[in-house]
Amino acid sequence: ATSTVANHVTNIVFHAANALLVLAIARTVAGVSVIAATFAALVFAVLPLHAESVAWITGRVDTIPALFFLGSFLSYALWRRGEEKSTRLYLCSLLLFFCALFSKQNTIIMVATLFLYDVVAERRPIRVSWSWLAPYVPFAALTIAYLLLRYVLFGEVAREGQLTAEGLGVSRIFVGKHFQRMFFGGEVSRYPFGYIA
């Protein structure tokens with residue numbers, strides 16, 4: 001018989017690495033205290049929504065892209081803050097973003113994430129100039145190239161064929177269930193007020 005221990009250990013390692021990245025982001029990027037950053041990482045680690053990511057081998061479809069996405073964001077934020085005057089962090093961020101893109105399509109939001117980080121957290125004033133836009137261009141180029149490749153290979157950019165009235169109705173049900181699991185750890189039927197929320 002085949003042992004499942006290696007698969008479970010691998011899932012736990014990926015999930016623990018993501019929790020550590022949440023800790024690092026909370027501590028270094030958000031600038032919260034060690035206790036608050038540890039609390040954020042622990043909440044992330046034990047959130048009921050992540051049970052499938054750890055328990056099922058198919059959960060890696062979420063933990064692997066999360067690892068690359070969080071790592072890319074952390075590298076970019078550290079580069080932006082100039083903690084190391086090197087382009088290594090920026091190149092590392094780009095490489096991790098490339099890996100994130102090719103591990104799951106929903107990581108295409110990285111450009112918007114970096115833009116919002118710069119505007120909100122770093123309070124970088126918006127300017128229409130090449131020097132202001134330059135850090136985003138490689139991320140945008142990777143995103144566009146990835147979406148074009150998806151179109152060539154699959155005939156769709158981002159699963160837009162699933163945007164039907166029926167598909168959106170099913171999505172609403174899943175979002176409601178996940179919302180309940182995330183905040184209350186149970187099924188929607190146990191907490192009918194969740195639909196109102």
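**Figure 1. Helix H2 from end to end, in a predicted model.** At 1.5 Å a residue, the 13 residues of helix H2 (residues 34-46) should span 18 Å, and the end C-alpha atoms are indeed 18 Å apart, so expectation and model agree.

**Figure 2. The two sides of helix H2.** Look for Ala37, Ala41 and Phe44, which are the buried residues to follow here. They cover an arc of only 60 degrees around the axis, so they sit on the same side of H2. An α-helix has 3.6 residues a turn, so residues three or four places apart point the same way. The buried residues of H2 pack against helix H1 (5-29). On the face turned away from the buried side you will find Ile35, Phe39, Leu42 and Val46, which are exposed.

**Figure 3. An aromatic pair between helices H5 and H8.** The model holds 11 aromatic pairs. One of them joins Tyr90 and Phe139 edge-to-face, with 5.8 Å from centre to centre and 90 degrees between the planes. Tyr90 belongs to helix H5 (residues 88-101) and Phe139 to helix H8 (residues 137-154), so this pair ties together parts that are 49 residues apart in sequence. Both Tyr90 and Phe139 are buried. Zoom out a little and ring pairs link Tyr76, Trp79, Tyr90, Phe97 and Phe139 into a cluster.

**Figure 4. Ala140 in helix H8.** Is Ala140 buried or exposed? With 26% relative accessibility, Ala140 falls between the two cut-offs, under 20% for buried and over 50% for exposed, so Ala140 counts as partly exposed. Between the C-alpha atoms of Ala140 and Ala112 there are 9.4 Å in space, while the two residues are 28 residues apart in sequence.

Terms used: Residues numbered from 1 in each chain as written. Predicted model: local features only at pLDDT ≥ 70, side-chain atom pairs only at ≥ 80, totals over all residues. Heavy atoms only, no water. Phe/Tyr/Trp six-rings, centres within 6.5 Å; stacked < 30°, edge-to-face > 60°. Helix = DSSP H or I, 4+ residues; strand = E, 2+ residues; numbered from the N terminus. Buried < 20%, exposed > 50% of the residue type's maximum accessible area, 1.4 Å probe, protein only. Expected span 1.5 Å × (residues − 1). Arc of directions from axis to C-beta. Contact = heavy atoms within 4.5 Å.
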